[in-house]
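Okay, thanks for coming, everyone. I'll put the structure up and then walk you through a few spots in it.

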Amino acid sequence: MLSKKLEKALNTQIQIEAESSQIYLSMASWAEVKGLEGVAGFMYGHSDEERMHMLKLVKYVNERGGHAKISQLKAPKIDFGTLPKMFQELYEHEIFVSKSINELVHVTLEEKDYATHNFLQWYVAEQIEEEALARTILDKINLIGNDKGGLYLFDRDIQQLTVESAASDPGV
Ligand code: OFO
């Protein structure tokens, strides 16, 4: 059975994952209307992943005798300015999510809930990979700069970039 404090903290994380999914969905739509099909596809996929992160938490909370509460979400931005700015935002957002997961892990120790501590290790590992992926993309995009040909190739290749490939590729 989850403690009230941990249940509340997990519910906050559910909201954060749901908002992450919305942010990446908004990035996908922004990229799509700009004609960046590859970037859009990548972001749609990333948005789905965040929804999966959220669902995994929802099911866990309910399974442990808590109540996963589905709440109102903050509306994401609609315009992301430029591609480098958008990927910088993605990177910073993942750092924010990692901090939030770390705080959650801290609460499990305070509450002596080792089952939840164990459950959250998947998220700890996932965040390392997500940050690595965001950094890899950011490095590539900064390298391209204003080169239109480079941007074309980047848009074509980004869909092949997965969390796994970024983890084994130290970047540019
Ligand atoms: Fe849920 O990992 Fe990104 O935000």
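Let's start at Leu-83, which sits in helix 3. Is Leu-83 buried or exposed? It's buried, because its relative accessible area is just 8%, and the cut-off for buried is under 20%. Leaving out anything up to four places away in sequence, Leu-83 touches Trp-30, Leu-36, Val-39, Ile-141, Leu-151 and Phe-154. Take Ile-141 from that list: Leu-83 and Ile-141 are 58 residues apart in sequence, yet their C-alpha atoms are 7.8 Å apart in space.

I should say right away that this is a predicted model. So how confident is the predictor? Mean pLDDT for the chain is 93, and 94% of the residues reach 70 or more. Confidence is highest in helix 1, residues 4-33, with a mean of 98. At the other end is helix 6, residues 163-168, where confidence is lowest, at a mean of 52.

Back to Leu-83, since it leads us to the core. The largest nonpolar core has 25 residues, and Leu-83 is one of those with the most contacts inside it, along with Val-39, Met-43, Met-86, Phe-87, Ile-137 and Phe-154. Which helices feed it? Helix 1, helix 2, helix 3 and helix 4 each supply at least two residues, and helix 4 gives the most, with six. As a bit of background, nonpolar side chains in soluble globular proteins tend to be buried together. Pick Met-43 as another example from this core: beyond its sequence neighbours up to four places away, Met-43 touches Tyr-24, Met-27, Ala-28, Met-86, Phe-87 and Leu-90. Apart from this core lies another one, of 21 residues, including Leu-2, Val-58, Val-61 and Val-107.

Next, how do helix 2 and helix 4 pack? Helix 2 is residues 37-63 and helix 4 is residues 114-144; their axes come within 12 Å and cross at roughly 170 degrees. Anything over 145 counts as roughly antiparallel, so that's what we call helix 2 and helix 4. On the helix 2 side, the contact includes Phe-42, His-46, Met-52 and Tyr-60. On the helix 4 side, you'll find Phe-119, Trp-122, Leu-133 and Ile-137 among them. By class, this contact has 11 nonpolar, three polar and five charged residues.

Now follow helix 3, residues 83-110, along to Thr-108. Thr-108 has 0% relative accessibility, so it counts as buried. Not counting residues up to four places away, Thr-108 touches Leu-6, Asp-113, Thr-116, His-117 and Leu-120. Two of those names, Thr-116 and Leu-120, also came from the helix 4 side of the contact with helix 2.

Just past there, in the loop between helix 3 and helix 4, is Lys-112. Most residues other than glycine have a negative phi. Lys-112 has a positive one, near 55 degrees. Lys-112 is also exposed, because its relative accessible area is 61%, and exposed means over 50%.

Last stop: the loop between helix 2 and helix 3, where we find Ala-75. Is Ala-75 buried or exposed? Exposed, since its relative accessible area is 70%. And what about Glu-19? Ala-75 and Glu-19 are 56 residues apart in sequence and 8.0 Å apart in space, C-alpha to C-alpha.

That's my tour, so over to you for questions.

Technical notes:
Residues are numbered from 1 along each chain as its sequence is written. This is a predicted model: local features need pLDDT of at least 70, side-chain atom pairs count only at pLDDT 80 or more; totals for chains, interfaces and linings use all residues. Side-chain values use heavy atoms; hydrogens and water are left out. Helices (H or I, at least four residues) and strands (E, at least two) are DSSP runs, numbered from the N terminus. Buried means under 20% relative accessible area, exposed over 50%, partly exposed in between (1.4 Å probe, protein chains only). Contact means heavy atoms within 4.5 Å. Axes are lines fitted to C-alpha atoms, for helices over the stretch in contact, and angles run from 0 to 180 degrees between N-to-C directions. Angles under 35 degrees count as roughly parallel, over 145 as roughly antiparallel, 65 to 115 as roughly perpendicular and the rest as oblique. Ala, Val, Leu, Ile, Met, Phe, Trp, Tyr, Cys and Pro count as nonpolar, Asp, Glu, Lys and Arg as charged, and the others, Gly among them, as polar. pLDDT is the predictor's confidence in each residue, from 0 to 100. A nonpolar core is a set of buried Ala, Val, Leu, Ile, Met, Phe, Trp, Tyr and Cys residues joined through side-chain atoms within 4.5 Å.
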